[in-house]
Amino acid sequence: MNFIKQFALQPSRRIAAPPSGQKLWATQKLGNSKRMASLDNSVHSAGIEEVHNVPMSVIKRPIPSVLDEMKVQSLMATIDAETNADDVPPVDILWITGSEGGNYYFSFGGCHRFEAHKRLNRETIKAKLVRSTLGDLYHYMGSSAPKYLA
Ligand SMILES: Nc1ncnc2c1ncn2[C@@H]1O[C@H](COP(=O)(O)OP(=O)(O)OP(=O)(O)O)[C@@H](O)[C@H]1O
């Protein structure tokens, strides 16, 4: 988590960035409107309220996305305009702590939101961190799942 903290940005661009040296791993509790938006989220993150700005660079996406180009373009426009922070809900990220304390962030869904952020050169993406295990990874990746994470 410390590694991640170095990269974290404020949850909204409307909020000024804190001076360097302060805790930067941004979290936010969902307000009522965000609770409504969270209905879009998967069953895995339904009970999670904290939303993090996770650096795109630390997220592993082992399964290639199948994309609808129009949807990516439309999401890019929405994200770029960002008239309402609730317009695009957070993606789910599986957060696994390795046996030696490393932190690993895997993402499988949210293909179009992730692609839109990537093309917009966004450094971070809003996400809910779902505490997960190697067994959960196996569920998504089968025998391609790592057997060990340090
Ligand atoms: N312009 C837009 N186009 C599509 N979805 C939008 C747009 N603006 C906001 N959204 C919201 O973004 C979310 C997109 O989630 P959705 O499950 O459709 O795609 P994804 O999770 O990014 O990709 P996939 O389901 O293929 O993994 C929805 O909650 C939708 O309401």
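These are my notes on the aromatic rings of this structure and the charges that sit over them.

**Entry 1: the model.** I am working with a predicted model.

**Entry 2: counting pairs.** I looked for aromatic pairs and found two.

**Entry 3: W95 and Y105.** I started with W95 and Y105, which form a stacked pair. Their centres are 6.4 Å apart, and I noted 15 degrees between the planes. Next I looked up where the two rings sit: W95 belongs to strand β4 (residues 91-97) and Y105 to strand β5 (residues 103-106). The two residues are 10 apart, and the pair links distant parts of the chain.

Are these two rings buried or exposed? W95 has 15% relative accessibility, so I put it down as buried. Y105 is buried as well, with a relative accessible area of 1%.

**Entry 4: F108 and Y140.** I then turned to F108 and Y140, a pair that is also stacked, with 4.3 Å centre to centre and 5 degrees between the planes. F108 is in the loop between β5 and α4 (111-119), while Y140 is in helix α5 (residues 134-141), so this pair ties together parts 32 residues apart in sequence.

I checked accessibility here too. F108 comes out at 12%, so it counts as buried. Y140 has 30% relative accessibility, so it goes in my notes as partly exposed.

**Entry 5: charges over rings.** Which ring does R131 sit over? I found its charged end over the ring of W95, 3.7 Å from the centre; W95 is the ring I had already noted as stacked with Y105. I also found R61 over the face of F114, at 4.7 Å from the ring centre.

Technical notes: Residues are numbered from 1 along each chain as its sequence is written. This is a predicted model: local features need pLDDT of at least 70, side-chain atom pairs count only at pLDDT 80 or more; totals for chains, interfaces and linings use all residues. Side-chain values use heavy atoms; hydrogens and water are left out. Rings of Phe, Tyr and Trp (its six-membered ring) pair if their centres lie within 6.5 Å; planes under 30 degrees apart count as stacked, over 60 as edge-to-face and the rest as tilted. Helices (H or I, at least four residues) and strands (E, at least two) are DSSP runs, numbered from the N terminus. Buried means under 20% relative accessible area, exposed over 50%, partly exposed in between (1.4 Å probe, protein chains only). A charge sits over a ring if NZ of Lys or CZ of Arg is within 6 Å of the ring centre and within 35 degrees of the ring normal.
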